[in-house]
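Reader: Hello! I have a predicted model open in front of me, and I would love a close look at one part of it, the sheet around the annotated active-site position. Could you walk me through that region and how it sits in the whole?

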Amino acid sequence: MAFNGRHSEEDSLHEECGVFGVWNVPSAAAVTALGLHALQHRGQEATGITSFDGSRFHSHRGMGLVGDNFGDARVIEKLPGRIAIGHNRYATTGDTILRNVQPLYADFEFGGFAVAHNGNLTNAHLLHRQLVRRGCLFQSTTDSEVFIHLIAISLYSTVVDRLIDALKQVVGAYSLVALSNEALMGVRDPLGVRPLILGRIGSEGTGGWVLASESCALDIVGADFIRDVEPGEIVIINDQGVRSIKPFTRMRERFCVFEYIYFARPDSIVEGTPVYEARKRIGAELAQEAAVPADVIVPVPDSGVPAAMGYSMQSGIPFELGIIRNHYVGRTFIEPTDHIRHLGVKLKHSANKPVLDGKRVVLVDDSIVRGTTSKKIVEMVRAAGAKEVHMRISSPPTTHSCFYGIDTPQRSKLLASTHTVDEMAALIGADSLAFISIDGLYRALGQPGRDPEKPHYCDACFTGDYPIPLPDQHELADRQLSLLSAGN
Ligand code: SF4
């Protein structure tokens, strides 16, 4: 996230980044481009790769999709070496500037260092101010650069000790891949909010290693899943193999539950659970909790599809593709003006009239953010002749903003933070609206329910129970208060 703490203006949630890294793999940059392509859903605004050829680092960073930047063999040829890291970035428009695109790179006395970061540091603002006071010159407005400066000023001698020193000063949710002259490194924050996995590529003894945000990026490069990087773990990969360090006090893990609902790709296996299966179970649980007589179950594509299948299987009501998605509508096309934004849903989705006409329809979607998209979809389904439209949501109401690396609107803009479920149903024009309960969500993920004393996941956007402190937010609130009292 950027230091300005901008919030999304869109009616959806966005994963802010995907990371990937390889050690000892022929054409490491090409393999990294493939991995990033599989992680494209985690960020579409910009992408970058840094490779190391044994003596020099090489970088290419650009705006746009992985294919736009790395589809040209001439670009890949300029990134030689058997070691590389890469990054996909999502950012709101104002922050999408080339100098914010990762991997970030710096030359230190110990050699080069590149880092790619998924997540958000919740004390980046405070650290940024302190570092600027100490004379650090920031090149970007991304919080990831804090790592670079903390490493630069650390008094420790080895790169790993400097990295640990830096990590002990940051607060937040993060997964990192980093590259030095000596090693590829992967790190997860102490609570393991954001995902990171370790894979093996090639044959035993001669093959290499892969780090990735999700297992779908292993499949595309033919790598085998080895294990999740553990919360609070640093893995250090070099020609001797993989070394693990756990420098933090052990804490109870709080993986992001929204990865299961929406962010992760359905063919990924996250923390040992196949995402596709988890989404189907969530849909089945939703059908048990919020049954309604209907003729068809229709997913809002694409993210609502597995939950709708689960709902259909549990309820016995047929699953139908009543809404068709046009995959060839780019975000930029629907962004520029409110008018075009309004048209956006019609460009993206169209009603499959023969499936909907005269039917009682249950629409299944993953979340309601501002509610504008849901309203247009309900209108569209009614206009196609649906007799009744019932909306079912495979997450609890999103009542709080995320400060851990997911781009969300300000809390006041989240429909569920200011409206009851009945009010929301009336606003989106649905005959009924229901969300899965937080306990139902936990049950679908194999837990007995949510233990309020020891919740298994980060679920702060549904509960307001933020597991990682938010120093920047408190400082911002204090500053606003003092500005207000100065005004009085
Ligand atoms: S607040 Fe929500 S989206 Fe953010 S990490 Fe927690 S569960 Fe995930």
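Author: Happy to. One definition to begin with: a residue is called buried when its relative accessible area is under 20%. By that cut-off, buried residues make up 58% of the 488 residues in this protein. The chain folds into 19 helices and 25 strands. Among contacts with a separation of 6 or more, 69% are between residues 24 or more positions apart. The protein exposes about 19,800 Å², and carbon and sulfur atoms supply 53% of that area.

Now to the annotated position. An unreviewed UniProt entry lists C17 under "active site". In the model, C17 belongs to strand 2, which covers residues 17–23. Is C17 buried or exposed? It is buried, because its relative accessible area is 5%, which falls under the 20% cut-off. Leaving aside residues up to four places away in sequence, C17 touches R42, H87, N88, R89, Y90, H117 and N118. Three of those names, H87, N88 and R89, fall within strand 5, which spans residues 83–89.

Next, the sheet itself. Strand 2 is part of an open sheet of seven strands, arranged in the order 4-3-5-2-11-10-12 with antiparallel pairing. Its edges are strand 4 and strand 12 (224–228), each of which pairs on one side only. On average, neighbouring strands in this sheet are turned by 15° against each other, direction ignored. As a general point, strands of a sheet pair through backbone hydrogen bonds, either parallel or antiparallel.

Moving from strand 2 in one direction along that order, you reach strand 11 (residues 208–212). Four bridges join these two strands, which run antiparallel. One of the pairings to look for on your screen is G21 with its bridge partner L211 in strand 11.

In the other direction, beyond strand 5, comes strand 3. Strand 3 (residues 46–52) is largely enclosed by the rest of the structure, because seven of its seven residues are buried. How are the two faces of strand 3 covered? In a regular strand the side chains alternate between the two faces of the sheet. Here A46, G48, T50 and F52 are buried on one side, and T47, I49 and S51 are buried on the other.

Strand 3 also has a partner on each side. With strand 5 it pairs in the antiparallel sense over seven bridges, and T50 stands opposite I85 there. With strand 4 (residues 57–63) it again pairs in the antiparallel sense over seven bridges, and T50 stands opposite S59 on that side. T50 is therefore a handy landmark, as it is one of the buried residues of strand 3 and faces a residue in each neighbouring strand. Strands 3 and 4 form a hairpin with four residues between them, and G54 in the turn has a positive phi of about 105°.

Finally, look at what lies over the sheet. Helix 1 (residues 28–38) lies across strand 2, strand 3, strand 5 and strand 10 (197–201). Helix 1 runs at about 25° to strand 5.

To pull this together, start at C17, which is buried in strand 2, step across strand 5 to strand 3, and finish at the hairpin that leads to the edge strand 4.

Conventions: Residues numbered from 1 in each chain as written. Predicted model: local features only at pLDDT ≥ 70, side-chain atom pairs only at ≥ 80, totals over all residues. Heavy atoms only, no water. UniProt positions renumbered as here; feature names shortened; annotations may be inferred. Buried < 20%, exposed > 50% of the residue type's maximum accessible area, 1.4 Å probe, protein only. Contact = heavy atoms within 4.5 Å. Pairing = 2+ DSSP bridges. Areas by Shrake-Rupley, 256 points an atom, 1.4 Å probe, with all protein chains shown as cover. Axes fitted to C-alpha atoms, helices over the stretch in contact; angles between N-to-C directions.
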